[in-house]
Amino acid sequence: MKNIYIPKKSILNLFYKNNLSINCLKERCCWKCKCDLDFWDYISQSSENEFEYMIELWQNANIEFYCCECFNQKTSDLKKKKNNLLDLNLILTFISTV
Ligand SMILES: [Zn+2]
């Protein structure tokens with residue numbers, strides 16, 4: 001796994017600024033497979049100017065997250081469905097021209 005530098009101090013400062021504590025970070029698990037999600041892994045995927053927004057998303061009770069594996073699986077399934085729809089569209093186009 002790639003080692004990514006996470007400026008924890010600037011993130012913790014955002015917590016203080018928003019009257020949050022690191023102890024009130026929401027515990028999260030993948031919506032699909034229920035494996036635990038790690039806040040620091042999550043925040044390391046974003047750039048410094050996105051941290052505040054990413055924390056807001058993480059703390060939002062109305063949003064669920066996928067782990068990387070389930071997200072990639074979902075993306076792959078969506079591509080397959082899109083290709084099936086394109087195939088169906090080609091067949092329908094062919095039938096309508098015959
Ligand atoms: Zn998952």
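**View 1. Helix α4, a helix with hardly any cover.** In this predicted model, none of the 30 residues of α4 is buried, so to speak of α4 as hardly covered is fair by the neighbour count. The helix takes in residues 68-97. From its first C-alpha to its last, α4 reaches 43 Å, close to the 44 Å expected at 1.5 Å a residue.

**View 2. The two domains of the protein chain.** Domain 1 covers residues 1-65, and domain 2 covers residues 67-98. Taken over C-alpha atoms, their centres sit 33 Å apart. Zoom out to the whole C-alpha trace and you get spans of about 70 × 30 × 25 Å along the principal axes. The radius of gyration is 20 Å, whereas a compact globule of 98 residues would have one near 13 Å. Burial is scarce here too: 2% of the 98 residues count as buried.

**View 3. Elements in order along the protein chain.** There are 4 helices and 2 strands to pick out. Following the sequence, they come in the pattern α-β-β-α-α-α. As for contacts with a separation of 6 or more, 64% of them are between residues 24 or more positions apart.

**View 4. Helix α1 and Lys-9.** Helix α1 runs over residues 8-17, and here again the count of buried residues is 0, this time among 10. Lys-9 is part of α1. Is Lys-9 buried or exposed? It counts as exposed because its C-beta has 7 neighbours inside 10 Å, and the cut-off for exposed is 12 or fewer. Between Lys-9 and Glu-27 there are 20 Å, C-alpha to C-alpha, with the two residues 18 apart in sequence. Look just after α1 as well: Asn-19 has a positive phi of about 55° there.

**View 5. Ser-46 in the loop between α2 and α3.** This loop joins the stretch from α2 (39-43) to α3 (51-59), and Ser-46 has its place in it. How many C-beta neighbours does Ser-46 have inside 10 Å? The count is 14, so Ser-46 goes down as partly exposed. Set aside the neighbours within four places in sequence, and Ser-46 is in contact with Phe-51 and Met-54. Ile-6 is another residue to find in this view: it lies 40 residues from Ser-46 along the chain, with 9.7 Å between the two C-alpha atoms.

Note on methods. Residues are numbered from 1 along each chain as its sequence is written. This is a predicted model: local features need pLDDT of at least 70, side-chain atom pairs count only at pLDDT 80 or more; totals for chains, interfaces and linings use all residues. Domain bounds come from an automatic or database domain assignment. The expected span of a helix is 1.5 Å times one less than its number of residues. A residue is buried if 20 or more other C-beta atoms lie within 10 Å of its own, exposed if 12 or fewer, and partly exposed in between; C-beta atoms are placed from the backbone. The radius of gyration is taken over C-alpha atoms; the globule rule is 2.2 Å times the number of residues to the power 0.38. Two residues are in contact if their C-beta atoms, placed from the backbone, lie within 7 Å.
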